[in-house]
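Biologist: I am new to this structure, and I would like a close look at a single part of it. Please take me through the paired strands and whatever they touch, one step at a time.

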Amino acid sequence: MTSPPAGRDDGSAADPQPLVCDRCGTPAGALADGPPLTWTCFVENGVRRYFCESCSRENLRSIEGRLDSDWW
């Protein structure tokens, strides 16, 4: 039997980390159901990355072109 990725065997999720923009560090505030609808989320090199509305708008072409965030 394998353990869940969080390493807990009781079936509960690990304590959620506060969500911040991966580019500018803007906090998303209190999250009950996930990030705000205006935020962008994508997986880059196997890591889930979140970007606030401002950073998403500023870099929309790069996001749509699937460029790594290191390029923008």
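Modeller: Happy to help! Let us start with a definition: two strands are said to pair if DSSP finds at least two bridges between them. The strands themselves are DSSP runs of type E with at least two residues, while helices are runs of type H or I with at least four residues, and both are numbered from the N terminus. With that in hand, β1 and β2 pair in the antiparallel sense over 5 bridges.

A word on where this comes from. This is a predicted model, in which local features need a pLDDT of at least 70 and side-chain atom pairs count only at pLDDT 80 or more, whereas totals for chains, interfaces and linings use all residues. Residues are numbered from 1 along each chain as its sequence is written, and side-chain values use heavy atoms, with hydrogens and water left out. The predictor's confidence in each residue, from 0 to 100, is what pLDDT stands for. The chain averages 77 on that scale, and 71% of its residues score at least 70.

Now for the setting. The chain holds 2 helices and 2 strands, and along the sequence they follow the pattern β-β-α-α. Of the elements, helix α1 (residues 53-58) has the highest mean pLDDT, 92, and helix α2 (residues 60-64) the lowest, 82.

Back to the hairpin of β1 and β2, which has 2 residues between the strands. Asn45 is found in this loop, and its phi is near 55°, a positive value in a residue other than glycine. Asn45 is also exposed, with a relative accessible area of 71%; here exposed means over 50%, buried means under 20%, and partly exposed lies in between (1.4 Å probe, protein chains only). Among the bridge partners across the hairpin, Val43 is matched with Arg48 in β2.

Strand β2 also carries Arg49, a good residue to follow next. As a general point, side chains of opposite charge can pair when their charged atoms come close. The rule used here calls it a salt bridge when a side-chain nitrogen of Lys or Arg is within 4 Å of a carboxyl oxygen of Asp or Glu, and by this rule there are 3 salt bridges. In one of them, Arg49 meets Glu44 at 2.4 Å, N to O. In another, Arg49 meets Asp22 at 3.3 Å, N to O. This second pair links distant parts of the chain, with Asp22 in the segment before β1 (40-44) and Arg49 in strand β2 (residues 47-51), 27 residues apart. Are these partners buried or exposed? Arg49 is buried, at 18% relative accessible area, and Glu44 is buried too, at 8%. Asp22, in contrast, is partly exposed at 37%.

The remaining bridge sits in helix α1, where Arg57 pairs with Glu53, their closest N and O atoms being 3.1 Å apart. These two residues are 4 residues apart, about one turn of the helix. Arg57 counts as exposed at 63% relative accessibility, whereas Glu53 is partly exposed at 33%. Asp22, Glu44 and Arg49, for their part, are joined into one network by salt bridges that share partners.

The segment before β1 reaches the hairpin through another residue as well, Val20. The C-alpha atoms of Val20 and Tyr50 are separated by 7.3 Å, although the two are 30 residues apart along the chain. Leaving aside neighbours within four places in sequence, Val20 is in contact (heavy atoms within 4.5 Å) with Gly25, Thr26, Pro27, Trp39 and Tyr50. Val20 is partly exposed, with a relative accessible area of 36%.

Tyr50 and Trp39 both turn up again in the largest nonpolar core, whose 8 residues also include Leu19, Cys21, Ala28, Phe51, Cys52 and Cys55. Such a core is a set of buried Ala, Val, Leu, Ile, Met, Phe, Trp, Tyr and Cys residues joined through side-chain atoms within 4.5 Å. Ala28, one of its members, is in contact with Leu19, Pro36 and Trp39, again leaving aside neighbours within four places in sequence. Over the whole chain of 72 residues, buried residues make up 22%.
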